[in-house]
Amino acid sequence: MKILASLALVAAASVGAAHAAIPLYGFFVKNTYPHDPQAFTQGLFFKDGQLYETTGQKGRSSLRKVDLKTGKVLQKKDLADEYFGEGSTAVGDTIVNLTWQSNVGFLFDAKTFALKGRFNYKGEGWGLASDAHHVYMSDGSAEIRVLDPKTLDEQRRIHVTADGKPLIRLNELEIVDGQIFANVWGTDVIARIDPQTGNVVGWIDCTGLLPPDQRGTTDPDAVLNGIAYEPKHHRLYVTGKLWPKLFEIELIPIQRP
């Protein structure tokens with residue numbers, strides 16, 4: 001089965017173990033929307049019902065306000081060519097945007113996209129998410145950093161495990177009903193993580209959502225990456241790097257054979 005093949009890929013790349021005890025979810029596509037096929041999606045989130053996105057690659061990294069229904073970019077702020085943009089999240093009236101290997105993040109005004117400041121961190125920047133109390137940051141490892149939302153200083157780390165084994169390659173993050181949803185880089189799988197324990201409490205298998213031959217590119221990095229949750233209406237959206245489509249999905253529990 002494709003589902004089990006995807007989980008096997010996660011196991012081989014990340015934890016080296018099966019995940020029989022962890023609940024598994026598939027998906028039902030509720031709506032499909034256009035997405036900029038040139039957008040190397042790194043961060044995806046809603047603020048006040050509006051969709052925002054950050055993109056990567058040097059010379060192409062940007063912060064964007066996007067019209068969900070048309071995929072049109074309504075507002076855009078380019079990063080300097082030296083920076084490889086990464087994940088992003090909203091903290092109050094500020095949008096926080098990471099960079100990959102430059103050890104610096106940027107603070108933008110959510111309305112004007114004007115640069116308000118910057119902050120530094122050690123290691124790589126991958127994904128970001130936030131709730132009412134914390135900012136969560138991934139760096140490609142099995143650790144999720146918990147940052148103070150006012151200072152963005154690191155407070156502690158969540159060690160993420162699946163069946164007791166570290167789960168590496170955690171990438172784009174989103175808070176969904178109190179859980180951390182994380183793309184597992186290079187796979188079609190999203191991990192559902194308990195932020196209190198770091199345990200993976202569910203797998204979402206997105207195999208077949210947009211098959212490689214429908215992505216319009218042979219770029220090997222055109223993988224699933226980008227999770228956005230609109231809490232008012234409880235709507236979940238996913239896309240990928242360089243994908244021409246963005247999907248609203250509903251999760252469906254799957255009974256294993």
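The following exchange concerns the salt bridges of this predicted model.

User: What should be known about the numbering and the model?
Analyst: Residues are numbered from 1 along each chain as its sequence is written. The model is predicted, so that local features need pLDDT of at least 70, side-chain atom pairs count only at pLDDT 80 or more, and totals for chains, interfaces and linings use all residues, while side-chain values use heavy atoms, with hydrogens and water left out.

User: How many salt bridges are there?
Analyst: There are eight salt bridges, each defined as a side-chain nitrogen of Lys or Arg within 4 Å of a carboxyl oxygen of Asp or Glu.

User: Which residue pairs with glutamate 250?
Analyst: Glutamate 250 forms a salt bridge with lysine 30, and their closest N and O atoms are 3.9 Å apart. Glutamate 250 belongs to strand 22 (residues 245-254) and lysine 30 to strand 1 (residues 24-34), so the pair ties together parts 220 residues apart in sequence. Strands here are DSSP runs (E, at least two residues), numbered from the N terminus.

User: How accessible is lysine 30?
Analyst: Lysine 30 is partly exposed, with a relative accessible area of 42%. Buried means under 20% relative accessible area, exposed over 50%, and partly exposed in between (1.4 Å probe, protein chains only).

User: Turning to lysine 47, is it buried or exposed?
Analyst: Lysine 47 counts as buried, at 13% relative accessibility. Its salt-bridge partner aspartate 93 counts as exposed, at 54%.

User: Which residues form a network of salt bridges?
Analyst: Lys47, Asp48 and Asp93 are linked in such a network.

User: And aspartate 139, which residue does it pair with?
Analyst: Aspartate 139 forms a salt bridge with arginine 145, with the closest N and O atoms 3.0 Å apart. Both residues are buried.

Technical notes: Helix = DSSP H or I, 4+ residues; strand = E, 2+ residues; numbered from the N terminus.
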